[in-house]
Amino acid sequence: MSDPSVPPSGLSCSGCGAELQCGDGGAPGFVPAEKYRSLLQCEGSAGPRGAVCQRCWALAHYGSALRLRLPPDEHRRVVSAALRRPPLHGRGPLLLYVLDVMELPDPVLPQLPALLGPDVPAAGVLVVGNKVDLLPADCPGHLGRLRQRVAAACARAGLRGAALVDIRLVSAKTGYGVEGLVSRLQRSWKCAGDVYLLGATNSGKSTLFNTLLRSDYCKSRASDIIDRATVSPWPGTTLNLLKFPIINPTCDRIFRRQERLKEEATKTEDQLSTEEKKYLNQLKKQGYLVGRVGRTFQQQKSSAEIDFDPDLLSYSMDEDPKDSPKKHEEREEFTHNEVKDARWCFDTPGIVKEDCVLNLLTEKEVKLVLPSHAIVPRTFILKPGMVLFLAALGRIDYLEGEKSAWFSVLASNLLPVHVTTLSNADTLYEKHAGQQFLKVPMGGEERMKEFPPLVPQDIRLKGIGTTEAVADIKLSSAGWVAVTAHAEEELQLRAYTPKGTALVVREPPLLPYISAIRGARIPGTVAYRTKKPPSFVENLRATGSR
């Protein structure tokens with residue numbers, strides 16, 4: 001229940017950074033009035049540590065995002081105003097731009113020059129290609145090729161030369177590449193000024209913020225004081241600015257850190273503790289590339305769970321909050337000397353992607369569409385006159401061609417793929433869209449009445465050989481299909497995505513040799529058996545090697 005008569009608290013939500021308030025249930029930072037009053041009474045004006053708004057609580061416990069009235073312009077306003085703040089210490093800020101490599105060409109990257117503007121005193125942009133753990137290696141050196149694709153996207157966006165500090169490939173979720181990113185920041189940027197994490201919604205920005213918070217990039221005591229940003233697949237989960245103080249990388253600290261990294265690199269998996277092995281195995285199930293992010297100056301917890309206290313906001317989605325009988329934890333604070341000259345790492349609101357299919361989906365549907373584990377490629381061999389459906393979110397018709405071609409689907413493993421004939425395709429969609437067979441969207445006829453129709457785009461491709469894809473057909477953010485055809489073979493295709501969403505033909509493809517990652521063809525079908533490549537753990541010596 002809201003109470004507009006009560007003024008805002010001046011306290012920030014530890015999950016999203018929004019100011020806590022009880023006056024407007026549709027605005028950021030809302031807490032039901034009864035719970036809001038109890039929070040204000042707790043520990044005087046300081047409030048309890050870890051207090052979160054109703055939205056962050058719902059995200060953490062239900063994976064449900066309450067609808068907020070926050071237009072894209074508001075996201076941009078908050079970010080732009082933050083970047084225009086005069087630097088308190090040292091140089092202008094370093095911008096850490098986080099992009100999802102699967103979303104290349106990144107839809108927000110071209111907006112970066114306009115977002116910065118001539119009056120932003122930025123020292124440069126370091127681009128972080130995230131989520132590389134989800135993509136299988138289609139050939140040796142695939143990471144070098146991915147880096148080249150990111151560099152090409154930066155150049156097209158006008159980001160080159162001195163403005164582009166570096167490009168790093170990481171997985172904020174599994175930790176791959178994060179230690180290297182920290183070393184790069186400490187070696188080149190040191191502690192010269194503040195750092196801002198920027199990026200589109202759902203790029204993994206808040207996950208990277210949380211990972212850096214638990215690394216050597218953050219002051220050692222800060223990770224015990226600062227709460228982590230809300231991590232959820234729902235776009236736009238960071239509504240205001242969260243921050244942590246950056247550690248000053250003195251020569252002594254860098255030396256001790258390098259000694260730790262060298263020592264860890266000599267270990268094999270067998271030498272890890274039972275807890276470390278369990279956590280590592282969990283990460284290997286989630287991604288192809290795994291890294292171990294440690295701390296040199298403080299013992300690191302290996303759990304990646306969000307540190308929310310459910311008793312602080314222990315209400316269900318249907319009832320008002322109840323007061324917790326437990327005593328609230330006393331809030332720790334930084335001393336003046338700890339932060340008087342600090343440089344800070346800020347997490348910022350995600351910039352909303354326009355023309356994105358995720359904007360049309362419910363929270364349950366978003367969870368199915370966004371890959372949470374390593375993507376297992378699914379390859380099909382189609383003849384002209386055949387149609388491939390990716391759930392009810394995308395469709396590709398093979399209209400004309402002399403020979404069969406291979407279509408490799410890279411999307412969430414939870415999304416179904418169905419192949420039918422051109423004559424049956426419309427009937428299949430009309431019968432099964434909104435139902436379990438096509439899975440997303442879900443909700444039956446009523447859901448499909450409000451869901452935009454699929455609209456076509458004609459595509460003509462020329463094959464370059466049976467081992468290399470000629471292009472990716474990117475079905476908005478639902479995934480993509482890599483098309484491999486015989487050399488010089490001309491294909492006439494027609495691809496569909498929901499009206500108002502972007503369909504992109506990506507040339508060259510992101511993983512050109514992906515069709516080779518397949519098992520034997522399943523007899524009597526157009527499908528091949530799937531094959532999942534093994535995972536790789538960096539900074540860990542292989543068993544038996546010296």
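This talk walks through one protein model, from its overall make-up to a few individual side chains.

Good morning. Please keep in mind throughout that the model is predicted. I begin with the whole protein. It contains 14 helices and 18 strands. Of its 546 residues, 55% are buried. If we take the contacts between residues at least 6 apart in sequence, 77% of them join residues at least 24 apart.

One stretch carries an annotation. An unreviewed UniProt entry places a "coiled-coil region" at residues 251-278. In the model, this span is 71% helix and 0% strand. The C-alpha atoms at its two ends are 34 Å apart.

I turn next to the aromatic rings. A pair of aromatic rings is described by two quantities, the distance of the centres and the angle of the planes. How many aromatic pairs does a search of the whole structure find? The search finds five. One of them joins Phe209 and Phe244: the centres are 5.3 Å apart, the planes make an angle of 50 degrees, and the pair is classed as tilted. Where do these two residues lie? Phe209 belongs to helix 7, residues 205-213, and Phe244 to strand 5, residues 242-245, so their pairing ties together parts that are 35 residues apart in sequence. Phe209 and Phe244 are both buried. Ring pairs also bring in Tyr217, giving a cluster of Phe209, Tyr217 and Phe244.

Another tilted pair is formed by Tyr398 and Phe407, with 5.9 Å from centre to centre and 50 degrees between the planes. Are these residues buried or exposed? Both Tyr398 and Phe407 are buried.

Rings may also have a charged group above them, and I show two examples. Lys243 lies over the face of Trp344, 4.2 Å from the ring centre. In the second example, the charged end of Arg518 is placed over the ring of Tyr528, at 4.3 Å from the centre of that ring.

My last residue is Glu489, located in the loop that runs between strand 15 (480-484) and strand 16 (490-498). Glu489 is buried, yet it has no salt bridge. Which side chain of opposite charge is nearest to Glu489? That side chain is Lys403, and the separation is 5.3 Å. A salt bridge here requires a side-chain nitrogen within 4 Å of a carboxyl oxygen, so Lys403 does not form one with Glu489. Leaving aside neighbours within four places in sequence, the contacts of Glu489 include Gly401, Glu402, Leu461, Lys462 and Gly463. Lys403 is also among these contacts, as is Tyr398, the residue that pairs with Phe407.

Thank you for your attention.

Definitions and conventions. Residues numbered from 1 in each chain as written. Predicted model: local features only at pLDDT ≥ 70, side-chain atom pairs only at ≥ 80, totals over all residues. Heavy atoms only, no water. UniProt positions renumbered as here; feature names shortened; annotations may be inferred. Helix = DSSP H or I, 4+ residues; strand = E, 2+ residues; numbered from the N terminus. Buried < 20%, exposed > 50% of the residue type's maximum accessible area, 1.4 Å probe, protein only. Lys, Arg positive; Asp, Glu negative; His and termini not counted. Contact = heavy atoms within 4.5 Å. Phe/Tyr/Trp six-rings, centres within 6.5 Å; stacked < 30°, edge-to-face > 60°. Lys NZ or Arg CZ within 6 Å of the ring centre and 35° of its normal.
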